[in-house]
Amino acid sequence: MGALKRTYENLCAKHWSPMMGGILLAFLVVVLEAWYRPWGIVGGLRNWADWFFYHIGLYDEPPALHPLWSSTSSILDIGLIWGAFISAALGREFAIRIPPPIEFVKAVVAGILMGIGASLAMGCNVGGFYMAVNNLAANGFIMLIGLIFGVILAIKYLYWELEHFPSSGGFEIGFQKIDPFLGVIALAGLLVATRAYFGSELDRGEVMGGCLILAAGIGYVMHRSRFCMVNALREPFMTGNAEMGRALTVSIILSAIGIAILKYNGVRPESAYVTPTFIQGALIGGFIFGFGMTVAGGCGSGSLWRVGEGQVKLMIVATVFGLSNSIVRHIFAEYDVIENGYLGKAVFMPDYLGYAGTILLIALIVLVWYIVIDWNEESNRLVLEM
């Protein structure tokens with residue numbers, strides 16, 4: 001029993017280090033891309049919003065993809081939330097967390113900005129930055145620049161808010177006594193749902209089942225390690241802490257190497273996740289999204305795994321994020337914004353540098369980033385004063 005208890009504690013109760021989370025995340029996104037497609041967040045949220053707007057009569061045509069039977073983007077988001085819930089429940093951390101009143105307003109505003117930013121960059125911090133870089137797309141690094149400046153501006157705003165409108169209140173409704181039972185039920189449900197997809201007669205049923213279980217793994221890993229890209233980009237400028245930032249840089253280079261191998265060998269098309277947003281779409285979208293996610297306290301992926309642990313504020317953020325993104329992308333479609341190249345062009349870095357040169361460039365950039373935030377952790381030279 002002692003060994004069984006220790007195993008449970010290590011796998012389900014204790015928090016894993018961010019570095020472990022980053023390495024496991026890199027492994028899972030490479031496996032997911034080898035299985036069927038790159039990891040993404042905003043496409044699933046937009047799919048849900050598209051159906052909502054269609055059912056209330058705002059859109060004339062139904063979305064092409066059903067959220068459960070044909071949209072892998074939707075399945076990826078469902079899986080992420082499902083996996084995060086399993087982690088939170090098994091670790092006795094699931095609770096309905098009600099924020100102070102001002103956080104409701106911030107959630108709506110931040111969700112709108114995140115939807116606009118992700119429309120311009122054609123992806124949130126996951127599809128527009130993390131997965132873009134490891135899919136060897138130049139727009140990923142451009143979005144990173146925008147994200148950093150958006151984060152810096154948001155930190156200044158949060159300092160101002162803290163001084164003038166300090167928030168208080170909020171409460172949570174815990175379920176610690178039954179959390180492990182909820183976790184076991186959710187895990188059993190996940191296995192049944194995955195088996196149902198594999199055994200179904202749906203077109204791409206096996207694909208959907210694989211996407212669901214792999215996304216659940218991503219959600220579990222992110223929640224158990226508290227892996228958070230907002231934290232990685234915010235803390236070097238707020239407290240100087242670089243632990244999450246170091247984990248993110250390692251995750252990027254590992255996943256970039258893995259996905260480069262997939263593309264080089266023709267497992268995935270070279271155009272996958274290389275979007276026409278270089279330079280203006282990624283830069284402006286990154287800035288707006290970076291501001292929004294910092295005010296929200298969760299990025300695309302971070303919002304969803306916090307939904308899985310019961311954060312009501314992030315439920316609002318994710319909902320408004322999807323609705324806002326749906327409307328803006330609908331307007332883009334009306335005026336052929338993407339097709340006319342108003343957001344920029346698609347740049348696949350190996351076309352200019354070769355695969356080896358591209359990996360070396362990514363390694364060099366993340367190494368410099370790693371060294372700078374590590375140096376800043378000791379010196380605090382980049383920390384913004386309140």
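This report walks through the pockets, strands, helices and unusual backbone spots of a predicted model.

## The largest pocket

Let us start with the open spaces. The largest pocket has a volume of about 350 Å³. Its lining is made up of 15 residues, and those nearest the centre are Asp50, Ser326, Arg329, His330 and Ala333. Helix 3 (42-55) and helix 14 (312-334) each contribute at least two residues to this lining. Helix 14 gives the largest share, with 6 residues.

What is the chemical make-up of this lining? It divides into 6 nonpolar, 2 polar and 7 charged residues.

## The second largest pocket

The second largest pocket holds about 300 Å³ of space. It is lined by 14 residues, and Val42, Gly43, Arg46, Met122 and Tyr273 are the closest to its centre. Here the largest share of the lining, 4 residues, comes from helix 3. That helix is also named among the suppliers of the largest pocket, so it is worth following on screen as you go from one pocket to the other.

The lining of the second largest pocket divides into 4 nonpolar, 7 polar and 3 charged residues.## Two paired strands

Strand 1 and strand 2 run antiparallel and are joined by 4 bridges. Within this pairing, Ala95 of strand 1 (residues 95-98) stands opposite Gly174 in strand 2.

In a regular strand, side chains alternate between the two faces of the sheet. Strand 1 shows this pattern: Ala95 and Arg97 point to one face and are buried, while Ile96 and Ile98 point to the other and are not.

## The loop after strand 2

Gln176 sits in the loop between strand 2 (171-174) and helix 8 (179-199). Is Gln176 buried or exposed? Its relative accessible area is 51%, and because the cut-off for exposed is over 50%, Gln176 counts as exposed.

Gln176 also has a partner far along the chain: Arg92 is 84 residues away in sequence, yet the two C-alpha atoms are 5.1 Å apart in space.

## A buried serine in helix 13

Ser301 belongs to helix 13 (residues 300-308). With a relative accessible area of 0%, Ser301 is buried. Which residues is Ser301 in contact with, leaving aside its neighbours within four places in sequence? They are Trp39, Ile41, Leu80, Asn125, Val126, Met222 and Met229.

## Helix 14 from end to end

Helix 14, which also lines the largest pocket, has 23 residues. At 1.5 Å a residue these should span 33 Å, and the end C-alpha atoms are indeed 33 Å apart, which agrees with the expectation. The helix is followed by Asp336, whose phi is positive, near 50°.

## Unusual backbone spots

Most residues other than glycine have a negative phi, and most peptide bonds are trans. A few places here are worth a look against that background. Phi of Met122 is positive, about 55°, although Met122 is not a glycine. Met122 lies in the loop between helix 5 (101-121) and helix 6 (125-134), and is one of the residues closest to the centre of the second largest pocket. Leu136, in the loop between helix 6 and helix 7 (139-164), likewise has a positive phi, near 70°. Leu136 counts as buried, at 0% relative accessibility.

Finally, the peptide bond between Phe278 and Ile279 is cis, with omega about 20°. Ile279 is placed in the loop between helix 11 (243-264) and helix 12 (280-296).

Note on methods:
Residues numbered from 1 in each chain as written. Predicted model: local features only at pLDDT ≥ 70, side-chain atom pairs only at ≥ 80, totals over all residues. Heavy atoms only, no water. Buried < 20%, exposed > 50% of the residue type's maximum accessible area, 1.4 Å probe, protein only. 1 Å grid on protein atoms, 1.4 Å probe; cavity = no way out; pocket = protein on both sides within 12 Å on 5 of 7 lines; lining within 4 Å. Points joined across faces, edges and corners; volume = space filled by probe spheres on them. Nonpolar A, V, L, I, M, F, W, Y, C, P; charged D, E, K, R; others polar. Pairing = 2+ DSSP bridges. Contact = heavy atoms within 4.5 Å. Expected span 1.5 Å × (residues − 1).
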